[in-house]
Amino acid sequence: MIGVDTNILVRYLTKDDEQQCQKAAKIIEGEQYFITNIVLCELVWVLLGKPYQFNKEEIINTIDLMLQCSTFELENRSVVY
């Protein structure tokens with residue numbers, strides 16, 4: 001299983017740059033990827049900051065969707081719950 005980094009997840013989830021989003025989607029879609037605890041923490045930190053400024057509910061929803069998606073295997077799901 002291949003690990004995915006924060007940058008790819010940010011581009012895929014926020015769709016803030018069309019070209020980078022398309023590249024991230026090509027990487028992610030159709031495969032299964034491992035997300036370490038550090039990458040998940042970095043993702044939350046980036047989404048909370050500028051320019052995204054996700055609120056707590058948006059962060060919870062995003063992570064919840066990631067947990068439900070068969071594409072992502074998290075390092076330690078029990079830590080996330």
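So, straight to helix 4: Ile59, Thr62, Ile63, Met66 and Leu67 are buried there, buried being under 20% relative accessible area, exposed over 50%, and partly exposed in between, with a 1.4 Å probe and protein chains only. Those residues sit on the same side of helix 4, because they cover an arc of only 140 degrees around the axis; the arc is taken from the directions from the helix axis to the C-beta atoms. On the other side of helix 4 you find Leu65 and Gln68, both exposed.

Quick housekeeping before I go on. This is a predicted model, where local features need pLDDT of at least 70, side-chain atom pairs count only at pLDDT 80 or more, and totals for chains, interfaces and linings use all residues. Residues are numbered from 1 along each chain as its sequence is written, and side-chain values use heavy atoms, with hydrogens and water left out. Helices (H or I, at least four residues) and strands (E, at least two) are DSSP runs, numbered from the N terminus.

What covers the buried face of helix 4? The cover of its buried residues includes helix 1 (6-14), strand 2 (33-35), helix 3 (37-48), strand 3 (72-74) and helix 5 (77-80); contact here is heavy atoms within 4.5 Å. At the N-terminal end, Asn55 is the cap of helix 4, with a side-chain oxygen 3.0 Å from the backbone nitrogen of Glu57.

Over to helix 1. Its buried residues are Thr6, Ile8, Leu9, Val10, Arg11 and Thr14, and they pack against helix 2 (18-28), strand 2, helix 3, helix 4 and strand 3. Right after helix 1 comes Lys15, with a positive phi near 55 degrees.

Why does Arg11 count as buried? Because its relative accessibility is 16%. Its side chain makes a polar contact with the side chain of Asp16 at 2.9 Å, meaning a pair of N or O atoms within 3.5 Å; within protein, one must be able to donate a hydrogen and the other to accept it, and residues adjacent in sequence count only if both atoms are side-chain atoms. Skipping neighbours within four places in sequence, Arg11 touches Asp16, Gln20, Cys21, Ala24 and Tyr52.

Last thing, the lining of the largest pocket. Helix 3, helix 4 and helix 5 each supply at least two of its residues.
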